[in-house]
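Biologist: I am new to this structure. Can you walk me through how to read it?
Modeller: Gladly; here it is.

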2 protein chains.
Amino acid sequence: MTKRFVDDCVATREILSLIGDKWSVMVIVNLGDGAVRFSDLKRAIEGISQRMLTLTLRGLESDGLVSRTVFPTTPPRVDYALTKLGRTLLDPVTELAIWAQRHRPEIQRAREAFQRASAPK
Amino acid sequence: MTKRFVDDCVATREILSLIGDKWSVMVIVNLGDGAVRFSDLKRAIEGISQRMLTLTLRGLESDGLVSRTVFPTTPPRVDYALTKLGRTLLDPVTELAIWAQRHRPEIQRAREAFQRASAPK
DNA sequence: CGGAATCCGCAAAGATACTG
DNA sequence: CAGTATCTTTGCGGATTCCG
């Protein structure tokens, strides 16, 4: 095993810790088309709680992937958008998405086969 | 937001649940060059416990990404390798790794800036 | 509207010991 | 060597409440 693989590994682990959580990818994909405000984002991502959306956005913001813009109106309005850095992540994530789509049935079959093999009774 | 994005999203979430955990990527990368036996794998992946390595390998095996070969010798020997499906995942993962390598300093700087901004005291 | 603060349950992960 | 079994700990994520 080469040194490069090890480095890739560590770096990949690092970025997986950025977007490997339950909601980050959903947020990134939803911001792919442009700025979206908090409440719209919450509606768009089914099942997410207010707290997790806030936490996820804070995380992405701290990593420089998402920007936050506050409009001091009443009621207040906050827009979120991908930064330039965040948009560059869109491509690799899409690659993964394509892989996932393409091999989903294969994985499904493998899982069923594994189930049968481990619990034949 | 298009329907396609939503689907990609779900599919990506699915595959992130395969390899988004703490150790799977490490294992996949380490198997990139060919079959590796359990104890060598454990040595190669610093910090992993015997239990987590076992669980991770079982998970990857059940998804059809990794194959397990037992040699009935004494002492026993077990080799793990990427399946054909597992090898196809190597490319997208490498893409992500390259992205991670390239943007690591940028992310690092963003984090430090965010820290300073949120706790200026 | 867009949060922050608090409490809590559960599952993932770690440590340790034992086994074919 | 390559696991399994058991216990403990950690921390993510959900629900709820309160605030500017």
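Biologist: Which strand of chain B pairs with strand β2 (residues 66-71), and in what sense?
Modeller: First, a caution: this is a predicted model. Now the strands. To read a pairing, look for the partner strand and its direction. In chain B, β2 pairs with strand β3 (residues 77-82). The sense is antiparallel, and the pairing runs over six bridges.

Biologist: How many residues link β2(B) to β3(B)?
Modeller: Five residues, and the connection is a hairpin.

Biologist: Which residues stand opposite each other in that pair of strands?
Modeller: Follow individual partners across the strands. T69(B) stands opposite D79(B) in β3(B). F71(B) has R77(B) as its bridge partner in β3(B).

Biologist: In what order do the strands of the chain B sheet lie?
Modeller: The order in space need not be read off the numbering; trace the pairings. In chain B, three strands form an open sheet in the order β1-β3-β2, with antiparallel pairing. The edge strands are β1 (36-37) and β2 of chain B, each pairing on one side only.

Biologist: And what is the strand order in the sheet of chain A?
Modeller: Chain A has an open sheet of three strands, ordered β1-β3-β2 and antiparallel. At its edges are β1 (36-37) and β2 (66-71) of chain A, each with pairing on one side only. Six bridges join β2(A) to β3(A). One partner pair to find there is S67(A) with A81(A) in β3(A).

Biologist: How do side chains point along a strand?
Modeller: In a regular strand, side chains alternate between the two faces of the sheet.

Biologist: Let me try one residue. Is D79(A) buried or exposed?
Modeller: Compare its relative accessible area with the cut-off: under 20% is buried. D79(A) has 11%, so this residue counts as buried. Its place is in strand β3 (residues 77-82) of chain A.

Biologist: What does D79(A) touch?
Modeller: Skip residues up to four places away in sequence. Then D79(A) touches A35(A), V36(A), R37(A), S67(A), R68(A), T69(A) and F71(A). Its side chain also makes a polar contact of 3.2 Å with the side chain of R77(A).

Biologist: Now a helix. Where does M26(B) lie, and is M26(B) buried or exposed?
Modeller: M26(B) lies in helix α2 of chain B. Its relative accessibility is 12%, so M26(B) is buried. Look along the chain as well as through space: M26(B) and E46(B) are 20 residues apart in sequence, yet their C-alpha atoms are 9.6 Å apart.

Biologist: How many residues does each chain give to the contact between them?
Modeller: Count each side separately. Chain B gives 48 residues and chain A gives 49. Buried area is another way to read an interface. The two chains bury about 4,700 Å² between them, 71% of it on carbon and sulfur atoms. On the side of chain B, R13(B), L96(B) and W99(B) lose the most area, together 14% of what that side buries.

Biologist: How many salt bridges cross the interface?
Modeller: The rule finds four salt bridges between chain B and chain A. One joins R104(B) to E14(A), with the closest N and O atoms 3.0 Å apart. There are also 10 residue pairs in polar contact between the chains, both residues at pLDDT 80 or more.

Biologist: Which element of chain B gives the most to the side that touches chain A?
Modeller: α5(B), with 17 residues. The elements giving two or more residues are α1 (3-19), α2 (24-30), α4 (50-62) and α5 (84-118) of chain B. By type, that side divides into 25 nonpolar, 10 polar and 13 charged residues.

Key: Residues numbered from 1 in each chain as written. Chains lettered and ligands numbered in written order. Predicted model: local features only at pLDDT ≥ 70, side-chain atom pairs only at ≥ 80, totals over all residues. Heavy atoms only, no water. Contact = heavy atoms within 4.5 Å. Buried area = accessible area lost by both parts, 1.4 Å probe. Salt bridge = Lys/Arg side-chain N within 4 Å of Asp/Glu carboxyl O. Polar contact = N/O pair within 3.5 Å; in protein donor to acceptor, adjacent residues only side chain to side chain. Helix = DSSP H or I, 4+ residues; strand = E, 2+ residues; numbered from the N terminus. Nonpolar A, V, L, I, M, F, W, Y, C, P; charged D, E, K, R; others polar. Buried < 20%, exposed > 50% of the residue type's maximum accessible area, 1.4 Å probe, protein only. Pairing = 2+ DSSP bridges.
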